[in-house]
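Subject: Structure handover

Hello,

Here is the structure you are taking over, with the sequence. Please open it before reading on; my notes follow below.

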Amino acid sequence: MAIGAAILFWYFRAAPQHKSAAAESLTRATEQAVFLLRRDDSAAQSDAVSALRAIEKEHPGSIEAKAGLVLAQALIYDDLLQYSSRLRKAISKADRQSGAETEGAAEPLSLQISTLKTKLEASEKRVFEQARILQADRDRLDEMATVQSMSMDAELAMLRARAMALAIEGDPQALLLADRFRARSQQDDNWADLTMPEYVANGGQLHDEAMAQLREIQSRAGNSTFLRPYVLAARINLLRGNTEDAIAALDQVVTMNDKHLVARELLDWTRSLRAQ
């Protein structure tokens with residue numbers, strides 16, 4: 001919250017009075033809020049959402065602020081979906097093993113399964129609520145895009161957000177929107193370029209292309225602390241059965257950000273796979 005407040009303070013103090021300069025200042029403030037997402041942990045995501053909601057409240061017609069919210073909410077939704085997926089896999093594994101359980105086990109599998117199911121129930125509630133929030137923001141963004149003209153910055157923000165939301169759903173239309181973004185943009189955009197890796201991590205089949213894209217993003221100046229690419233690299237490596245490479249990527253994440261609980265949980269999960 002403190003970081004988000006600082007961004008808003010900068011915006012409202014710095015925003016010039018004439019329209020074109022004010023619009024440029026709004027774009028900068030929105031991108032500063034989106035920049036918070038680079039840390040990729042839940043606190044950073046919450047700070048970004050808070051900052052973007054406040055900008056949106058002051059400028060309810062801002063497509064850029066709404067698109068930033070769709071991007072942030074989609075990333076949160078993705079993390080929640082993946083956690084529920086891992087819980088379901090753990091329950092399935094425990095169910096298979098329960099028939100071979102030996103008497104006097106340290107923790108009966110029935111108790112483990114019950115605990116996992118309780119966690120899954122709570123996780124699924126969070127997934128449902130986050131899906132509702134994300135869909136509401138997506139619907140509003142679509143509505144705004146049909147009733148008002150857009151600047152180039154607003155159009156690019158909209159394309160980027162829509163592409164990310166579709167990628168997390170595993171929808172190949174995401175790749176078309178990312179292509180449209182690149183055709184209109186005059187510079188690289190890390191979030192837009194994550195569209196393919198997010199799509200692949202959520203069911204797409206372009207594994208080699210996605211890993212090449214992640215390496216290209218990571219090689220850019222200033223991206224050593226952009227953490228989402230490392231998490232996606234781990235997830236894609238897991239899909240390919242490359243457990244060691246996944247662990248290496250996740251180790252980098254938790255070293256750079258010890259508050260990244262999603263990466264810690266995924267790292268523990270991956271190490272458990274290696275131990276099997």
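The largest pocket holds about 600 Å³ of space. Keep in mind that this is a predicted model. Of the 23 residues that line this pocket, the closest to its centre are Glu-31, Arg-160, Gln-187, Asp-188 and Asp-189. Four helices each give two or more residues to the lining: H2 (19-35), H6 (152-168), H7 (173-184) and H8. The largest share comes from H2, with six residues.

Next, helix H8, which covers residues 190-193 and includes Asn-190. Is Asn-190 buried or exposed? Its relative accessible area is 17%, and buried means under 20%, so Asn-190 counts as buried. The side chain of Asn-190 makes a polar contact with the side chain of Arg-220, at 2.9 Å. Leaving aside residues up to four places away in sequence, Asn-190 touches Arg-38, Ile-217, Arg-220, Asn-223 and Phe-226.

Phe-226 also takes part in an aromatic pair, and the structure holds one such pair. Its partner is Trp-191; the ring centres are 4.9 Å apart and the planes stand at 80°, so the pair is edge-to-face. For that label the angle has to be over 60 degrees. Trp-191 belongs to helix H8, while Phe-226 sits in the loop between helix H10 (207-219) and H11, so the pair ties together parts that are 35 residues apart in sequence. Both rings belong to buried residues: Trp-191 has a relative accessible area of 5%, and Phe-226 has 1%.

The last item is helix H11, residues 228-239. How far apart should the ends of H11 be? At 1.5 Å a residue, its twelve residues should span 16 Å. The expected span is 1.5 Å times one less than the number of residues, so the count of residues is not multiplied directly. The end C-alpha atoms of H11 are 17 Å apart, which agrees with the expected span.

H11 is largely enclosed by the rest of the structure, because ten of its twelve residues are buried. The buried ones are Arg-228, Pro-229, Tyr-230, Val-231, Leu-232, Ala-233, Ala-234, Arg-235, Ile-236 and Asn-237. After H11 comes Gly-241, which has a positive phi, near 80°.

Regards

Conventions
Residues numbered from 1 in each chain as written. Predicted model: local features only at pLDDT ≥ 70, side-chain atom pairs only at ≥ 80, totals over all residues. Heavy atoms only, no water. Buried < 20%, exposed > 50% of the residue type's maximum accessible area, 1.4 Å probe, protein only. Polar contact = N/O pair within 3.5 Å; in protein donor to acceptor, adjacent residues only side chain to side chain. Contact = heavy atoms within 4.5 Å. Phe/Tyr/Trp six-rings, centres within 6.5 Å; stacked < 30°, edge-to-face > 60°. 1 Å grid on protein atoms, 1.4 Å probe; cavity = no way out; pocket = protein on both sides within 12 Å on 5 of 7 lines; lining within 4 Å. Points joined across faces, edges and corners; volume = space filled by probe spheres on them.
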